[in-house]
Amino acid sequence: MRSAPNPNGPWHIGHARMPAVIGTYKELYDGWFCVRFDDTDPETKRPDLDAYDRILDDIEYLGFEPDAVYRASDRMETYYDHARELTEKGGAYTCSCPQGEFSDMKNSGEACPHRDKDARTTLSEFEAMVDGEYESGEMVLRVRTDIEHKNPALRDWVAFRMIDTPHPREAAEEYRCWPMLDFQSGIDDHLVGVTHIIRGIDLQDSAKRQRFVYDYFDWEYPEVLHWGHVRIDAFDVKMSTSAIKRFIDEGELDGWDDPRAPTVAAFRRRGIRGEAITDAMVGLGTSTSDVDLAMSAVYANNRELVDDDANRYFFVRAGGEDGDDEAVELPVSGDAPGEGTPPVHPEHEDRGRRSIPVDDAVYLEAADLPAEGEKLWLKGYGPVEYAGDELRFTDDDIDVVRDGDADVVHWVPAGDGTVPTRLRTPEGDVSGYAEPAFAGTDADEMVQFVRVGFARVDGHGDGESVAYFAHE
RNA sequence: GCUCCGUUGGUGUAGUACGGCCAAUCAUUUCGGCCUUUCGAGCCGAUGACCUGGGUUCAAAUCCCGGACGGAGCACCA
């Protein structure tokens, strides 16, 4: 099987589907898969030189190692040879009709005057194409299919055309005569031994077009499956490589791994394992109709993968960039203990307990504040009553929680050890305070901010620490 | 306009080739309960679907015909 990306940019999350599915099938059925960069349009789908490696990197992150990697732009001579052979078999002719004129004739089922050309004329004109003797638009090589085919999409399609813009890859910058996808991928699939093709619904007619070429060569066409588009819920940013690129250029996004971007790189930085994405993609199946990928499915997978290792910390959200919803600082009075000792991980008592010193005041999230006179249970610390301007420690036992008289909330001390932290989320940045022990976490570690969600520690800077929010 | 294709709970999926074992699977979501000095975690449970109208048949999610809705192609893009 093969994944044939167009390297015109890093991947958004939808691109993960192909490697996820064929990589999984390969493992399941002891198969083989390659990545082939279909980079045969230096102009309108101009390849991005960085994208080749980034894509391979993304595939590795998703959990797969391709058995082979090809670049179509390295294989031009092969395509030329097959074009010559096809011409000799009577399967192609050069055509200099203006695009619109040909289209009109084709749509009414009429052959253009070039269709009867003999193979020798075509061959010499094709060599001239290869040598770059025509300008863009002057001459194409068409596959001779059936000009009266009932489906107009299949009638005498273009196999090669001239492109004046040089290819960005140095190895391919001299070529001017480029194959179209249907020709190039059709030839390659057979030559590298692809037996099963999965591709998008937009390429439904490709198989039918390519079959004409396969018939000329007397090759057997692979099994082919067309799947629908994936829509991802939960993202405002329009999901297309060019749209994301534009947002980055305009400064709306910080880069390809901005947590607000629906890119593979962003998911990675947020601490979502490739496996979680892969499993969700495989779960979508391969149906022809469009599907919605619920992010909750990816998050649910990731939660399971990550929960066991993610130690718990408290993080009090102070608010977004607009400064609303400030955290509330309240003194603690009464016969209060000097520290809170919640478990590092409730299912792993052996990891011990954190120590959170309480000098005289704590921060709470504004939304957690009860009505005056009501009680709260500060998790890992104890019961308090909200007295309007302070929290009075009470002698209640845990029954106040059982009886529903007090909510259990997280908190951090308002003292020196508290760690100012920025949590970068798909909805934007949230600033806040993490408990002192958070300063001891390592970059790349996954943690769970209790009652907030899972996050990946990005780093601890001078003034603030940064974490990337994964999911609840 | 011409040509393809699809339609199972909120979401995804199994089942549809060979009709009965499907008053429909699994996961997620939502809701409820349980546990834990009491996690937006975990455990348990509940709600919730065969696009529509005809036909064939003892029997239809499954077969046939029509309709609706949705998607795709008809590029010198991939």
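Buried means under 20% relative accessible area, exposed means over 50%, and partly exposed is in between, with a 1.4 Å probe and protein chains only. The exercises below concern a predicted model, in which local features need pLDDT of at least 70 and side-chain atom pairs count only at pLDDT 80 or more, while totals for chains, interfaces and linings use all residues. Residues are numbered from 1 along each chain as its sequence is written, chains are lettered from A and ligands numbered from 1 in the order in which they are written, and side-chain values use heavy atoms, with hydrogens and water left out.

**Exercise 1.** Determine whether Thr 394 is buried or exposed, and find which residues it is in contact with.

*Solution.* Begin with the location: Thr 394 lies in the loop between β20 (391-393) and α12, where helices (H or I, at least four residues) and strands (E, at least two) are DSSP runs numbered from the N terminus. Next, take the accessibility: Thr 394 counts as buried because its relative accessibility is 14%. Finally, with neighbours within four places in sequence set aside, Thr 394 is in contact with Pro 383, Val 384 and Glu 385, contact meaning heavy atoms within 4.5 Å.

**Exercise 2.** Describe the surroundings of Thr 94, and state which side chain is joined to its own by a polar contact.

*Solution.* Thr 94 is found in strand β4 (residues 92-95), and it counts as buried because its relative accessibility is 0%. Its side chain and that of Glu 125 are joined by a polar contact of 2.5 Å; such a contact is a pair of N or O atoms within 3.5 Å, and within protein one must be able to donate a hydrogen and the other to accept it, while residues adjacent in sequence count only if both atoms are side-chain atoms. Residues up to four places away in sequence not being counted, Thr 94 also touches several others, among them His 114, Phe 126 and Leu 141.

**Exercise 3.** Work out which residues come nearest to RNA strand B, and which part of the strand supplies 69% of its atoms within 4 Å of the protein.

*Solution.* A residue is near the strand if one of its heavy atoms lies within 4 Å of it. Of the 56 residues around RNA strand B, Lys 45, Arg 161, Asp 205, Ile 398 and Arg 451 come nearest. Turning to the strand itself, 69% of its atoms within 4 Å of the protein belong to sugar or phosphate, and the rest to bases. Two examples involve phosphate oxygens: one is 3.2 Å from an N or O atom in the side chain of Thr 40, and one is 2.9 Å from such an atom in the side chain of Lys 150. A base oxygen, by comparison, has a polar side-chain atom of Arg 317 lying 3.3 Å from it. As for the elements involved, α4 gives the largest share of the surface near the strand, namely four residues.

**Exercise 4.** Compare Asp 30 with Asp 156: which is buried, and which is exposed?

*Solution.* Most residues other than glycine have a negative phi. Asp 30, although not a glycine, has a positive phi of about 55°, and the phi of Asp 156 is also positive, near 30°. Asp 30 is found in the loop between α1 (17-29) and β2 (34-37), whereas Asp 156 is found in the loop between β5 (140-143) and β6. The last step is accessibility: Asp 30 is exposed, with a relative accessible area of 73%, while Asp 156, at 0% relative accessibility, counts as buried.
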